[in-house]
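Open the model in your viewer and keep the selection tool to hand. We will walk through some helix contacts and a pocket, one stop at a time.

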Amino acid sequence: MHVMLLGASGFIGTEVLHALRAAGHQVTACARSVAGKPQLEGVDWLALDLVRPLDAQTLQWPQRIDVLVNAAGVLDTAATMLAVHEQGLLAVAARCRAQGARVIQLSALGADAAADTVFLRSKGQADAALLAADARTLVIRPSLVLGAAGQSSQWLLKVAAWPWAPLLGGQARLQPLAVEDLAAFVLRAVDEPALCGVYELGGPEQTLPELLQGLRARAGWRPAWYSRLSLPGWCLALCGERLATLARLAQRNNCLTAGAQQTQLPAPLQAPRWPALGGQLAVSQARQWLLLALLCVWLGTAWACLGPGRAWGEQLLLEAGFTARLVPWLVIAGAVLDACLGIGLLIARWRRRVLQAQILLVLGYTLMISWLLPHYWYDPLAAVLKNLPILAASGWLLSVEPKR
């Protein structure tokens with residue numbers, strides 16, 4: 001069959017794409033940008049942006065589409081979610097139905113036109129419109145989807161690596177499933193046109209703390225302590241739309257509905273889906289501790305330069321040969337630079353650049369001290385020598401930091 005796959009470069013879409021290729025289907029894989037996408041046998045990439053109207057885009061639309069699979073989804077502003085989940089999707093679905101295609105929609109548990117979040121509301125409105133337009137439509141509503149490449153899974157690994165953490169919605173129940181199982185069900189739906197209506201998918205029921213303890217147990221780690229954290233409505237409003245949506249989703253049950261068409265799947269933590277879990281948790285824990293240590297180093301240095309160590313810093317610069325007029329400004333500039341590097345570590349999309357800048361700055365400081373103040377290498381506290389572990393930590397963090 002010829003399958004058009006929306007969101008083919010995303011976490012779930014990538015797994016569905018592999019499953020469709022392995023089964024021998026011809027796939028038109030759609031993504032906002034196809035630059036740098038791998039050339040795969042049986043796959044044609046199509047640049048399709050669901051935020052923009054179809055008639056405003058230059059598209060080489062396939063001549064024949066048997067099935068449209070929608071794996072596109074975003075957690076963004078209300079306007080973007082409405083465009084991707086509803087308006088753009090419905091426009092593409094109408095064009096595919098005109099060619100005789102049926103639609104398989106990957107939605108979410110709790111999707112409803114009257115839901116309290118734009119994410120679930122836009123999904124629910126699209127589900128209802130697709131089902132009303134064609135009785136052959138299949139809407140798949142999974143619980144939390146886990147996999148090594150998933151953002152939610154990476155977040156879980158980070159939290160599981162800590163011996164204690166406060167959790168939003170610690171009592172909420174969910175039924176996580178593996179992304180491989182979800183992709184297998186989508187493949188089954190492509191091959192079985194009789195599957196239609198709404199299907200809910202989920203694994204064994206558990207709470208978030210139970211899931212995290214399961215991750216630690218599979219890694220051979222001792223149980224951790226997780227406390228419940230509840231945020232009032234006014235605090236959620238201050239967090240911004242995206243974080244407020246995440247918080248609301250975390251505090252609600254995400255379980256299969258009694259009486260609905262549903263498929264019970266195995267636990268998502270079984271090998272080989274989570275290989276070398278102990279190593280992943282160890283890397284996650286080391287990464288977080290080193291980031292915290294470097295954050296303290298840079299912010300602590302900035303505080304010292306602007307506070308109790310200011311006179312000492314000026315004395316060092318005078319000793320190095322800088323003019324008295326320039327020295328106070330150099331101390332302030334250095335403190336501001338250190339503070340920016342520390343804060344930059346907290347922002348994921350800047351972190352690689354910040355780590356590179358840190359390495360260059362520490363090397364520069366070390367070379368400058370070696371040239372202008374070489375006797376500080378003999379400091380009994382080894383202040384300059386301690387640049388070496390800072391360089392090693394920054395280099396390791398840079399090697400494990402994902403490219404964004």
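Before selecting anything, set up three residue classes: Ala, Val, Leu, Ile, Met, Phe, Trp, Tyr, Cys and Pro count as nonpolar, Asp, Glu, Lys and Arg as charged, and the others, Gly among them, as polar. Please remember too that this is a predicted model.

**Stop 1: the second largest pocket**

Which residues should you select to find the centre of the second largest pocket? Try T301, C305, L316, Y365 and I369, which lie nearest the centre among the 33 lining residues. The space in this pocket comes to about 1500 Å³. Colour the lining by class and you will find 24 nonpolar residues, six polar and three charged.

Now show the helices around it. At least two lining residues come from each of α9, α10 (310–320), α11 (327–344), α12 (351–372) and α13. Of these, α12 gives the largest share of the lining, with seven residues.

**Stop 2: α11 against α12**

Stay with α12 and add α11. The two helices pack at an angle of about 145 degrees, and their axes are 9 Å apart. Their crossing is left-handed. On the α11 side, select L337, D338, L341 and G344; on the α12 side, R351, V354, A357, Q358, L361 and Y365 make the contact. Six of the contact residues are nonpolar, two are polar and two are charged. Y365 may look familiar, as one of the residues nearest the pocket centre.

**Stop 3: α9 against α13**

Next, select residues 277–306 for α9 and 387–400 for α13; their axes lie 10 Å apart, at an angle of about 130 degrees. That angle makes α9 oblique to α13. Here, too, you are looking at a left-handed crossing. From α9, show V283, A286, R287, L290, L291, L294 and V297, and from α13 show I390, A393, S394, W396, L397 and V400. By class, this contact has eleven nonpolar residues, one polar and one charged.

**Stop 4: α2 against α3**

For the last stop, select α2 (residues 78–97) and α3 (residues 118–133). What is the angle between them? It is about 15 degrees, with the axes 8 Å apart, which makes α2 roughly parallel to α3. This crossing is right-handed. Show A78, M81, L82, H85, E86, L89, L90, A93 and R97 in α2, then V118, F119, S122, K123, Q125, A126, A129, L130 and A133 in α3, which they meet. Twelve residues of this contact are nonpolar, three polar and three charged.

How values were computed
Residues numbered from 1 in each chain as written. Predicted model: local features only at pLDDT ≥ 70, side-chain atom pairs only at ≥ 80, totals over all residues. Heavy atoms only, no water. Axes fitted to C-alpha atoms, helices over the stretch in contact; angles between N-to-C directions. Helix = DSSP H or I, 4+ residues; strand = E, 2+ residues; numbered from the N terminus. Parallel < 35°, antiparallel > 145°, perpendicular 65-115°, else oblique. Left-handed = near helix turned anticlockwise from the far one by under 90°. Contact = heavy atoms within 4.5 Å. 1 Å grid on protein atoms, 1.4 Å probe; cavity = no way out; pocket = protein on both sides within 12 Å on 5 of 7 lines; lining within 4 Å. Points joined across faces, edges and corners; volume = space filled by probe spheres on them.
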